[in-house]
Amino acid sequence: MSRTSARLLRGAAVAVTVGTLLAPVAAGPVCASPASVPAALAADSPGPSPSTAPVRDLTPEAARQLDAAVRKVMREASIPGATVGIWTPGQPSYVRSFGVADKSSGQRMAPDLYMRIGSETKTFTVTALLQLVDQKKVGLDDPIGTYIGGVPDENRITLRQLADMRSGLYNYSEDPGFDKALTSNPQRPFTPQELLAYSFRHPLMFQPGQRFSYCNTNLILLGLVVEKESGQHLGDYIKQHVLDPAGMRHTVFPTGNEFPSPHAQGYTRQTANGKEADAADWNPSWGWAAGAIISNLRDLRTWAPTVATGRFPDGTTMVSTATQKQRLTTPQAGAVKGAGYGLGIFDVQGWIGHNGSLPGYETVTVYLPSTRTTLVALLNTDTDYRSREPSTLLVEAITKIISPAHVYNLPITRTG
């Protein structure tokens, strides 16, 4: 299997071989005023006392340490640009951008830039599915064959197993034929049916429910279920029932390679020849329900507590309490204790949320319920450093400073 086919649209608990490093870029911080916290999220519970807080106060000294840690990771991992936001009720916020958004022009990274968020898309697709569960239109333990035909072992694989990555289906983005088709023409569109065909040419990797294996195929199927049972295109459903009620006006589900401005350019070596390319205009349709969404720092700040609590910023229900409880049941996924995966969401040492990676971009959006802390990181590269994703390295360094009892250490599972 080629390096590229194993790495495309990586997400929670998935990583592969190291890529060639980029040229180092100086990283100077750009500060910005933080977005306001919705009242329903800011007042839902009292903040922790300073003496027992599992998250460190964001004092000027803590901010200086964070600046230094971010710069260090960026130098070592050759990250062109990064934006980081940290918010805890009752504490100063930390919002910084470092490095460049465009290496050719020298445009600086900035907090308001749009970014492709890759596998964080899964949190939106599964939210849509769970809303249909609450409406009694689908059941989590229904077999996928009830809704979509032609799936291997379709009468045994359940919607729950698709959402929690325990279906056994082959990941289409690891298929060599898919890899060749994408890297030979990154602007080409793919249909969901074409993506599934790459998967279904392979036998199941294990019996449904037997173990965890991160798989984009699962989300393509769930996206089709949402469309079939809602009667809407997936992007339209997510906008109407998730984004609009959350007030997320800067998050879009593209239909092609459109990219709102201003946005950062994205740098990758997931190319046919292994040379670095700017992937900003690549068509993300190959990720669709598993990875196509675009967002920015402000909206991801809103999304972190929304997806973790199942409630919109105004306090209304996004997903019922009972269904959200099922979502947040996160059995261990991989070898690292304290890292588990639920229904389209992970819990890594107490941080609840998801990461995202596709050519040129990586993101992490997580929430720590004990202190109601939100942490968002956005990078314009996906090139590994010493077999680890740059976003994981960055957030690990940040959490070692702000939450030493909750260090984000996303496990690595080699896929090829």
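1. Let me start with Thr302, whose contacts are worth a look. Leaving aside residues up to four places away in sequence, Thr302 touches Ala246, Met248 and Pro313. One of these partners, Pro313, is 11 residues from Thr302 in sequence, and the two C-alpha atoms are 7.4 Å apart in space. Thr302 belongs to helix α11. Its relative accessible area is 14%, and because the cut-off for buried is under 20%, Thr302 counts as buried. Please keep in mind throughout that this is a predicted model.

2. Helix α11 itself deserves the next point. The helix covers residues 297-309, 13 residues in total, and spans 19 Å from the first C-alpha to the last, close to the 18 Å expected at 1.5 Å a residue. Of those 13 residues, 11 are buried, so α11 is largely enclosed by the rest of the structure. The buried set includes Leu297, Asp299, Leu300 and Arg301, and also Trp303, Ala304, Pro305, Thr306, Val307 and Ala308. An α-helix has 3.6 residues a turn, so residues three or four places apart point the same way. With that in mind, you may like to go through the buried residues of α11 one by one in the viewer. After the helix comes Gly310, with a positive phi near 80°.

3. Thr127 takes us to another helix, and back to α11 as well. Thr127 sits in helix α4, which runs over residues 121-134. Its relative accessible area is 0%, so Thr127 is buried. The side chain of Thr127 comes to 2.6 Å from the backbone oxygen of Thr123. Not counting residues up to four places away in sequence, Thr127 also touches Val242, Trp303, Val307, Met318, Val319 and Arg327. Two of these partners, Trp303 and Val307, are among the buried residues of α11.

4. Now to the strands β2 and β3. Strand β2 (residues 81-87) pairs with β3 in the antiparallel sense, over 6 bridges. Which residue of β3 is the bridge partner of Thr83? That partner is Ser97. Strand β3 covers residues 94-99 and is mostly covered, with 6 of its 6 residues buried. In a regular strand the side chains alternate between the two faces of the sheet. The hairpin of β2 and β3 has 6 residues between the strands, and Gly90 there takes a positive phi near 85°.

5. I would also look at the largest pocket, which holds about 290 Å³ of space. Its lining comes from 15 residues, and those nearest the centre are Gly235, Phe253, Pro254, Thr255 and Trp288. Which helix gives the most to this lining? It is α9 (residues 234-246), with 3 residues.

6. Trp288 merits a separate point, since its backbone is listed here alongside its place at the pocket. Trp288 lies in helix α10, residues 288-291. Its phi is near 35°, a positive value in a residue other than glycine. At 13% relative accessibility, Trp288 counts as buried, and it is one of the residues nearest the centre of the largest pocket.

7. Two more backbone details are easy to check by eye. The peptide bond from Ser261 to Pro262 is cis, with omega near 0°, and Pro262 is in the loop between α9 and β5 (267-268). Arg386, although not a glycine, has a positive phi of about 50°. Is Arg386 buried or exposed? Arg386 is exposed, with a relative accessible area of 64%. Its place is in the loop between β12 (373-379) and α13 (390-402).

8. On enclosed space, a search of the whole structure finds 7 cavities of 30 Å³ or more. The second largest cavity has a volume of about 50 Å³. Its lining is made by Arg116, Ala279, Trp282, Asn283, Pro284, Trp286, Leu358 and Pro359.

9. Finally, the overall figures. The secondary structure comes to 13 helices and 12 strands. Of the 416 residues in the protein, 60% are buried. Among contacts between residues at least 6 apart in sequence, 70% join residues at least 24 apart.

How values were computed: Residues numbered from 1 in each chain as written. Heavy atoms only, no water. Helix = DSSP H or I, 4+ residues; strand = E, 2+ residues; numbered from the N terminus. Buried < 20%, exposed > 50% of the residue type's maximum accessible area, 1.4 Å probe, protein only. Polar contact = N/O pair within 3.5 Å; in protein donor to acceptor, adjacent residues only side chain to side chain. Contact = heavy atoms within 4.5 Å. Expected span 1.5 Å × (residues − 1). Pairing = 2+ DSSP bridges. 1 Å grid on protein atoms, 1.4 Å probe; cavity = no way out; pocket = protein on both sides within 12 Å on 5 of 7 lines; lining within 4 Å. Points joined across faces, edges and corners; volume = space filled by probe spheres on them.
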